[in-house]
Amino acid sequence: MSDQTGRVDVITDQDVVRVRQLVRTEAVAVKLSLVDQTKIVTAASELARNTLVYGGGGTVEVSRVDNGRRQGIRIVFADQGPGIADLDLAFTDGYTTGGGLGLGLSGARRLVDEFHIDTAAGQGTSITVTKWCR
């Protein structure tokens, strides 16, 4: 079960800030611990930046979810960019095409409870992450 709580079009750096603010607000609303709030906001920041930098911009949709036992937050990052040609390489710690630390995808995956990516070269990328209350 899920109910839509917010959508941000990611076109500028300021939109990445808006994503972080929205995710923080929703994390507090579903009563994630402070540590888990920090984890999901960090993951959202990394993935929103990837949507902007590598995907050429896109959308981020944040929703509250409830599986009958606990609540959480689900975030979907979508772009129509070039896609990721080699996922294994992209998930390798230290790998980067942008001169950063190379912790974006693999780091974000470690910070959330569920991580699903749908991508193909030339097809864009959609990443869905979920963080559940403990």
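Let's start with Asn50. Setting aside neighbours within four places in sequence, Asn50 touches Gly55 and Leu105. One caution before going on: this is a predicted model. Asn50 belongs to helix α2, residues 34-53. Is Asn50 buried or exposed? With a relative accessible area of 19%, Asn50 is buried. The cut-off for buried is under 20%.

Now follow that contact to Leu105. Leu105 is in helix α4, residues 104-111. Leu105 is buried there, and so are Gly104, Ser106, Gly107 and Ala108. What covers them? The cover includes α2, α3 at 87-90, β4 and β5.

Next, helix α1. α1 covers residues 13-29, 17 residues in total. From first C-alpha to last, α1 reaches 25 Å. At 1.5 Å a residue you would expect 24 Å, so the two values are close. Which residues of α1 are buried? They are Asp15, Val16, Val19, Leu22, Val23, Glu26 and Ala27. Viewed down the helix axis, these buried residues fall within an arc of 135 degrees, so they line one face of α1. The general rule helps here. An α-helix has 3.6 residues a turn, so residues three or four places apart point the same way. After α1 comes Lys31, with a positive phi near 70 degrees.

On to the strands. β4 runs from 114 to 119. Its covered face holds Phe115, Ile117 and Thr119. Its uncovered face holds Glu114, His116 and Asp118. That follows the usual pattern for strands. In a regular strand, side chains alternate between the two faces of the sheet.

What does β4 pair with? β4 is joined to β5, residues 125-132, by 6 bridges, and the two run antiparallel. Phe115 sits opposite Val129 of β5. Together β4 and β5 make a hairpin, with 5 residues between them. Gly122 is in that turn, and its phi is positive, about 80 degrees.

Now the charges. How many salt bridges does the structure hold? There are 10. I'll take three of them.

First on my list, Asp13 with Arg49. Their side chains meet at 3.1 Å, N to O. This pair links distant parts of the chain: Asp13 is in α1, Arg49 is in α2, and they are 36 residues apart. Both ends are partly exposed: Asp13 has 48% relative accessibility, and Arg49 has 33%.

Next, Asp36 with Arg134. The closest N and O atoms are 3.4 Å apart. Again the link joins distant parts of the chain, with Asp36 in α2 and Arg134 in the segment after β5, 98 residues apart. Is Asp36 buried or exposed? Asp36 is buried, at 4% relative accessibility. Arg134, by contrast, is exposed, with a relative accessible area of 68%.

Then Arg134 again, this time with Asp113. Those side chains meet at 2.7 Å, N to O. Asp113 lies in the loop between α4 and β4, 21 residues from Arg134. Asp113 is partly exposed, at 31% relative accessible area.

Put those last pairs together. Asp36, Asp113 and Arg134 belong to a network of salt bridges, and Lys131 is linked in as well.

To recap. Asn50 in α2 is in contact with Leu105, one of the buried residues of α4. α1 has its buried residues along one face. β4 and β5 form a hairpin. And Arg134 is bonded by salt bridges to Asp36 and to Asp113.

Technical notes
Residues numbered from 1 in each chain as written. Heavy atoms only, no water. Helix = DSSP H or I, 4+ residues; strand = E, 2+ residues; numbered from the N terminus. Buried < 20%, exposed > 50% of the residue type's maximum accessible area, 1.4 Å probe, protein only. Arc of directions from axis to C-beta. Pairing = 2+ DSSP bridges. Contact = heavy atoms within 4.5 Å. Salt bridge = Lys/Arg side-chain N within 4 Å of Asp/Glu carboxyl O.
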